[in-house]
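Please open the structure in a viewer and keep the sequence panel visible. The tour below proceeds by selection, one stop at a time.

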Amino acid sequence: MRQAGRYMPEYRAIRKKASLLEICHTPELAANVTLMPVDQLGVDAAIVFADILLPFEPMGLGLSFEEGVGPVIARPIRTAKDVDTLPEVDPDADLGFVLETVRITSTALERRVPVIGFAGAPFTLASYAIEGGPTRSFHATKRFMYNNPDAWNRLLGRLAEAVGRYLAAQARAGAGALQLFDSWVGCLSREDYTRFVMPHTKRALEIAGESAVPLIHFGTGTSMLLDLMADAGGDVIGVDWRIPLDRAWDAVGPRGIQGNLDPAALSAPTSELKHQVRMVIQQAGGRPGHIFNLGHGVPPTTDPDRLRAVVDMVKEGSVARV
């Protein structure tokens with residue numbers, strides 16, 4: 001999960017002076033934001049501050065963020081011609097500001113903790129590009145997928161190549177691990193995932209895997225897809241709170257797993273928060289390869305002290321004595 005954000009007073013102070021895109025495009029500023037959770041919360045990795053939709057800028061789709069709405073795509077993809085006229089993305093030339101953020105952060109940390117780079121998965125990027133912004137129904141996305149399967153596969157094929165190269169470039173810049181976010185893939189059936197998405201996700205991870213750093217493959221609402229996601233690739237599979245961690249591990253097999261505290265638990269009374277943390281650890285059962293994490297992003301109303309408390313619970317093993 002992106003660690004820094006609206007729950008941090010220091011971040012909100014920066015946002016009063018700079019937009020999200022301005023922060024992303026200013027490596028020194030983005031690196032500063034990336035480092036905040038490491039210094040303030042004591043987490044074991046720094047997740048580079050960026051946005052999964054940044055590749056849309058060199059693709060000419062037009063990206064902006066509107067208050068109360070989220071990302072807005074000015075020129076959404078609606079036809080096969082729109083797909084075929086998309087330019088290729090050169091990560092070094094087109095997204096060099098993110099790579100510089102990774103370099104600055106990695107140097108500042110001096111190997112104290114690793115930097116995790118990330119990118120959006122082909123399906124999630126395609127859904128934003130087709131819908132023109134956030135959606136709950138994914139109707140336009142699925143209509144395009146069903147009615148234009150050839151164009152759909154060309155689109156996801158282009159996105160897979162771009163995302164894979166982008167992730168690999170972050171590894172070359174100093175990222176010690178890479179995470180592929182398929183935030184919205186949980187809207188699909190198993191059959192549709194297998195037919196329309198899995199080959200492209202696998203391709204993106206294959207390209208990123210050439211960098212020889214660990215790969216984390218994450219989605220939300222994916223309880224029924226976890227085994228397929230594991231087949232698509234990733235050294236670690238990220239899971240949300242909708243499935244017990246031990247059952248998720250049974251689905252993904254012998255590999256690492258990341259998760260899966262419900263972010264809503266951060267607003268619960270301390271006794272309940274401890275219970276929720278303890279349950280995650282108990283379900284992990286001491287298996288190697290567990291990365292304790294939230295099942296999704298930090299809610300903007302979260303008190304940073306609650307996050308520090310969770311980090312302390314996990315590191316000190318205090319939940320075992322509650």
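In which loop is Ala268 found? Select Ala268 in this predicted model: the residue sits in the loop between β8 and α13. Ala268 counts as buried because its relative accessible area is 14%, and buried means under 20%. Now display its surroundings. Setting aside residues up to four places away in sequence, Ala268 touches Leu273 and Arg306. A distance label drawn between the C-alpha atoms of Ala268 and Arg306 should read 9.4 Å, although 38 residues separate the two along the chain.

**A cis peptide bond in β8**

Go next to strand β8, which covers residues 256-261 and contains Asn260. Display the backbone from Gly259 to Asn260: the peptide bond joining them is cis, with omega near 0 degrees. As background, most peptide bonds are trans.

**Val43 and the second largest pocket**

Select Val43, which is found in the loop between α3 and β1 (46-47). With a relative accessible area of 19%, Val43 is buried. Beyond its neighbours up to four places away in sequence, Val43 touches Gln3, Pro37, Val38, Val113 and Val311. Lys315 is 272 residues from Val43 along the chain, yet their C-alpha atoms are separated by 9.5 Å.

Which residues lie closest to the centre of the second largest pocket? The pocket itself has a volume of about 820 Å³. Of its 32 lining residues, Val43, Asp44, Ile291, Phe292 and Asn293 are the closest to the centre. To see where the lining comes from, colour β5 (177-182), α13 (270-284), β9 (290-294) and α14 (304-316), each of which supplies at least two residues. By residue type, the lining of this pocket divides into 22 nonpolar, 6 polar and 4 charged.

**Glu28 in α3**

Move to helix α3 (residues 27-41) and select Glu28 within it. Is Glu28 buried or exposed? Its relative accessible area is 53%, so Glu28 is exposed, the cut-off being over 50%. For a long measurement across the model, add Pro244 to the selection: Glu28 and Pro244 are 216 residues apart in sequence and 39 Å apart in space, C-alpha to C-alpha.

**Leu125 in α7**

Select Leu125, which lies in helix α7. Leu125 is buried, with a relative accessible area of 1%. What is in contact with Leu125, leaving aside its neighbours within four places in sequence? The partners are Ile52, Leu53, Phe56, Gly120, Leu159 and Val163. Ala160 is a further reference point, 35 residues from Leu125 in sequence and 9.8 Å from it in space, C-alpha to C-alpha.

**The helices α7, α8 and α9**

Two packed helices are described by the angle between their axes and the distance between the axes. Show α7 (residues 122-131) together with α8: they pack at an angle of about 105 degrees, with axes 8 Å apart. The two helices are therefore roughly perpendicular to each other. Turn on side chains for Phe123, Ser127, Ile130 and Glu131 of α7 and for His139, Ala140, Thr141 and Phe144 of α8, which make the contact. These residues divide into 4 nonpolar, 3 polar and 1 charged.

Then hide α7 and bring in the next helix. Helix α8 (residues 139-147) packs against helix α9 (residues 149-173) at an angle of about 115 degrees, and their axes are 5 Å apart. That angle makes α8 roughly perpendicular to α9. Here Thr141, Phe144, Met145, Tyr146 and Asn147 in α8 meet Pro149, Ala151 and Trp152 in α9. The residues of this contact comprise 6 nonpolar, 2 polar and no charged.

**Two residues with positive phi**

Most residues other than glycine have a negative phi. The last two selections have positive values.

- Glu110: this residue is in the loop between α6 (96-109) and β4 (115-120). Its phi is near 50 degrees, and at 68% relative accessibility Glu110 counts as exposed.
- Ala212: this residue lies in the loop between α10 (190-209) and β6 (215-219). Its phi is about 65 degrees, and at 70% relative accessibility Ala212 counts as exposed.

Notes:
Residues are numbered from 1 along each chain as its sequence is written. This is a predicted model: local features need pLDDT of at least 70, side-chain atom pairs count only at pLDDT 80 or more; totals for chains, interfaces and linings use all residues. Side-chain values use heavy atoms; hydrogens and water are left out. Axes are lines fitted to C-alpha atoms, for helices over the stretch in contact, and angles run from 0 to 180 degrees between N-to-C directions. Helices (H or I, at least four residues) and strands (E, at least two) are DSSP runs, numbered from the N terminus. Angles under 35 degrees count as roughly parallel, over 145 as roughly antiparallel, 65 to 115 as roughly perpendicular and the rest as oblique. Contact means heavy atoms within 4.5 Å. Ala, Val, Leu, Ile, Met, Phe, Trp, Tyr, Cys and Pro count as nonpolar, Asp, Glu, Lys and Arg as charged, and the others, Gly among them, as polar. Buried means under 20% relative accessible area, exposed over 50%, partly exposed in between (1.4 Å probe, protein chains only). On a 1 Å grid over the protein atoms alone, a cavity is a set of points where a 1.4 Å probe fits but cannot get out, and a pocket is an open set with protein on both sides within 12 Å along at least five of seven lines; lining residues have an atom within 4 Å of a point. Grid points are joined across faces, edges and corners, and a volume is the space filled by probe spheres set on the points.
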